[in-house]
Amino acid sequence: MAWHFLGAQESLLAEGEVKAITVDDMPVALYRLADQYYATHNICTHQTALLSEGFIEDGSIECPLHQGRFDIRSGKALCAPLKENLRTFRVRTDADGVFVDVT
Ligand code: FES
């Protein structure tokens, strides 16, 4: 387990936003939903597309290339053409800020 500090909760992301970050060479998509932070791998499991350039709707992220959707909290693939779930990473928040573990 290796927690990486990302920043203060208030300044990282606005509600309903996603952004790309890199942690230990891992491409990560960081999300803020209902005042909680979530993190997934940033590359779609179908082909090479950045999910951080996709669209958030009802707790899912829609891939910008072929519109496959993943549940942001679980990484579950929700529709075609996706066949593989998305890797998720643990996120911790406290008074010091937001931390992610990509191990
Ligand atoms: Fe994401 Fe095809 S690359 S759905």
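Two residues are in contact if their C-beta atoms, placed from the backbone, lie within 7 Å. The legends below describe a predicted model.

**View 1. Overview of the chain: one helix and nine strands.** In sequence order, the elements follow the pattern β-α-β-β-β-β-β-β-β-β. The C-alpha trace spans about 40 × 25 × 20 Å along its principal axes. The radius of gyration is 13 Å, which agrees with the value near 13 Å for a compact globule because the chain has 103 residues. Of these 103 residues, 22% count as buried. Among contacts with a separation of 6 or more, 40% join residues 24 or more positions apart. The average pLDDT is 96, and 100% of the residues score at least 70. The model has an ipTM of 0.99 and a pTM of 0.96.

**View 2. The open sheet of six strands.** The strand order is β1-β9-β8-β4-β3-β2, and the pairing is antiparallel. β1 and β2 (18–23) form the edges, each pairing on one side only. From one strand to the next, the twist averages 30°. Strands of a sheet pair through backbone hydrogen bonds, either parallel or antiparallel.

**View 3. The β8 and β9 pair within the sheet of six strands.** Strand β8 covers residues 88–94. β8 and β9 pair in the antiparallel sense, over five bridges. One position to locate is R90, whose bridge partner in β9 is D101.

**View 4. The hairpin of β2 and β3.** Six bridges join these two antiparallel strands. T22 stands opposite P27 in β3. Two residues lie between the strands of the hairpin. Here D24 takes a positive phi near 50°.

**View 5. The largest nonpolar core, with 17 residues.** A29, L30, Y31 and A39 touch the most other members. β3 (26–33), β4 (36–41) and β9 (97–101) each supply at least two residues. β3 gives the largest share of this core, four residues. In soluble globular proteins, nonpolar side chains tend to be buried together.

**View 6. The surroundings of A39, a member of the largest nonpolar core.** Neighbours within four places in sequence are left aside in this view. A39 is then in contact with V28, A29, L30, T88, F89, V91 and V100. Of these partners, A29 and L30 are, like A39, among the core residues that touch the most other members.

**View 7. H4 in strand β1.** β1 comprises residues 4–7. β1 is also an edge strand of the sheet of six, pairing on one side only. H4 counts as partly exposed because its C-beta atom has 16 C-beta neighbours inside 10 Å, and the buried class needs 20 or more. H4 touches V23, F99 and V100, not counting residues up to four places away in sequence. H4 and F99 are 95 residues apart along the chain, but their C-alpha atoms are separated by 5.1 Å.

**View 8. N42 in the loop between β4 and β5.** Is this loop residue buried or exposed? N42 is buried, because 24 other C-beta atoms lie within 10 Å, where 20 or more are needed. Leaving aside neighbours within four places in sequence, the contacts of N42 are A20, P27, V28, A29, L50, L51 and S52. One of these, A29, belongs to the largest nonpolar core. Another, P27, stands opposite T22. D24, the hairpin residue with positive phi, lies 13 Å from N42, C-alpha to C-alpha. N42 and D24 are 18 residues apart in sequence.

**View 9. The open sheet of three strands.** The order is β5-β6-β7, with antiparallel pairing. The edge strands, β5 (55–57) and β7 (69–71), each pair on one side only. On average, neighbouring strands are turned by 25° against each other, direction ignored. β5 is joined by three bridges to β6, residues 60–62, and the two run antiparallel. Which residue is the bridge partner of E57 in β6? The partner is S60. In a regular strand the side chains alternate between the two faces of the sheet.

Methods: Residues are numbered from 1 along each chain as its sequence is written. This is a predicted model: local features need pLDDT of at least 70, side-chain atom pairs count only at pLDDT 80 or more; totals for chains, interfaces and linings use all residues. A nonpolar core is a set of buried Ala, Val, Leu, Ile, Met, Phe, Trp, Tyr and Cys residues joined through C-beta atoms within 7 Å. A residue is buried if 20 or more other C-beta atoms lie within 10 Å of its own, exposed if 12 or fewer, and partly exposed in between; C-beta atoms are placed from the backbone. Two strands pair if DSSP finds at least two bridges between them. Axes are lines fitted to C-alpha atoms, for helices over the stretch in contact, and angles run from 0 to 180 degrees between N-to-C directions. The radius of gyration is taken over C-alpha atoms; the globule rule is 2.2 Å times the number of residues to the power 0.38. pLDDT is the predictor's confidence in each residue, from 0 to 100.
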